[in-house]
Amino acid sequence: MNGMKTKVLGQKVHIYDEVDSTQTIAHKLVASGAPEGTIVLAERQTAGRGRMGRSWHSPAGKGIWLSLILTPRIPMYFMPQLTLLSAVALCRAIQKVCHVEIGIKWPNDLLIHGKKVSGILLESSGEDERLKYVIAGIGISVNLLEEDYPEELRSIATSLAIESGGKVSREGLVQAFLLEFEDMYALYLEKGFAPIRLLWEALSVTLKRPIRTSTPSGFIDGIADSLDNTGALTVITPNGERIKIYSGDIELK
Ligand code: BTN
């Protein structure tokens with residue numbers, strides 16, 4: 001990575017050919033004193049992790065598998081806001097570099113033509129409600145072709161190369177992402193979540209659409225209505241009840 005244009009993010013970069021997960025490496029780097037803004041990149045992950053215990057397909061040389069160390073002075077319960085902020089930064093960077101129609105499915109999946117092209121996993125450590133650090137894990141399927149996906153992913157996953165019709169520079173996209181993230185992060189630390197929420201809403205492919213979510217007591221169907229100030233999704237059910245979804249997944253219907 002040459003000539004980083006950011007001020008803090010990506011000033012320290014650790015690049016690996018193969019790791020189990022860039023998240024694991026980033027946690028270890030924090031333990032050995034790595035500063036905010038340090039990033040970890042790998043060509044390939046052998047045990048890439050996704051949200052909710054899922055695995056993340058990370059073949060060699062085809063994607064951006066990146067972890068970013070952050071040390072914001074915010075309470076633990078604001079973590080979901082950082083997840084949404086990451087999605088906004090990533091979406092804007094992809095729009096700038098690839099000119100594709102991309103949107104955010106709550107909370108932080110990036111979709112093109114209804115298929116997932118990128119995912120975000122935030123892992124944190126804290127004490128007494130105070131966040132010590134956050135690792136923002138970013139996976140972008142950049143130059144994967146259809147044959148690079150296992151059969152079971154082909155109907156739900158896509159890549160920037162498939163959607164934009166050509167190879168995309170991974171280095172250019174990492175730079176664009178870090179620049180966007182740095183801007184969003186500065187805005188958030190100065191003005192709070194309100195401006196990020198507006199940006200998220202404008203990029204959302206979730207709001208005003210019918211959705212389904214599953215809870216331990218069964219499915220809930222409704223219309224995704226709005227984001228609240230913590231980042232939770234408000235859903236209006238067919239009988240007019242407003243419920244909030246704080247975590248987990250939704251299905252767009
Ligand atoms: C998801 O959509 O479930 C989140 C996927 C996050 C994948 C990235 S790739 C880089 C970082 N390292 C990991 O092991 N996971 C994240």
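The following exchange concerns the sheet, the helix packing and the ligand shell of a predicted model.

Reader: In what order do the seven strands of the open sheet lie?

Author: Strands of a sheet pair through backbone hydrogen bonds, either parallel or antiparallel. In this open sheet the pairing is mixed, and neighbouring strands are turned by 20° against each other on average, direction ignored. The order of the strands is 1-2-3-7-6-5-4.

Reader: Which strands form the edges of this sheet?

Author: An edge strand is recognised here by pairing on one side only. Two strands fit that description, namely strand 1 (13-19) and strand 4 (103-105).

Reader: Which residue of strand 5 stands opposite K105?

Author: Strand 4 is joined to strand 5 (residues 109-112) by three bridges. These two strands run antiparallel. The residue of strand 5 opposite K105 is D109.

Reader: At what angle to strand 3 does helix 1 run?

Author: Helix 1 lies across several strands, namely strand 1, strand 2 (39-45), strand 3, strand 6 and strand 7. Its direction relative to strand 3 is given by an angle of about 25°.

Reader: Are helix 4 and helix 5 parallel, perpendicular or oblique to each other?

Author: The axes of helix 4 (residues 170-191) and helix 5 (residues 194-203) come within 8 Å and cross at roughly 135°. Angles of 65 to 115 degrees count as roughly perpendicular and those over 145 as roughly antiparallel. Because the crossing falls in neither range, helix 4 is, relative to helix 5, oblique.

Reader: How many charged residues does the contact of helix 4 with helix 5 have?

Author: Helix 4 contributes M184, L187, Y188 and K191, while helix 5 contributes A194, P195 and I196. Six of the contact residues are nonpolar and none is polar. The number of charged residues is one.

Reader: Is the crossing of helix 2 and helix 5 left-handed or right-handed?

Author: Helix 2 (residues 79-98) packs against helix 5 at an angle of about 55°, with the axes 9 Å apart. The two helices are therefore oblique to each other. In the contact, Q81, L84, L85, A87, V88 and C91 of helix 2 meet I196, L199, W200 and L203 of helix 5, and these residues divide into nine nonpolar, one polar and no charged. The crossing is left-handed.

Reader: Which of the 21 residues around the ligand come nearest?

Author: By class, the shell around the ligand holds six nonpolar, eleven polar and four charged residues. The nearest of the 21 residues are S21, G50, G119, G137 and G139.

How values were computed
Residues numbered from 1 in each chain as written. Predicted model: local features only at pLDDT ≥ 70, side-chain atom pairs only at ≥ 80, totals over all residues. Near = placed C-beta within 6 Å. Nonpolar A, V, L, I, M, F, W, Y, C, P; charged D, E, K, R; others polar. Pairing = 2+ DSSP bridges. Helix = DSSP H or I, 4+ residues; strand = E, 2+ residues; numbered from the N terminus. Axes fitted to C-alpha atoms, helices over the stretch in contact; angles between N-to-C directions. Contact = placed C-beta atoms within 7 Å. Parallel < 35°, antiparallel > 145°, perpendicular 65-115°, else oblique. Left-handed = near helix turned anticlockwise from the far one by under 90°.
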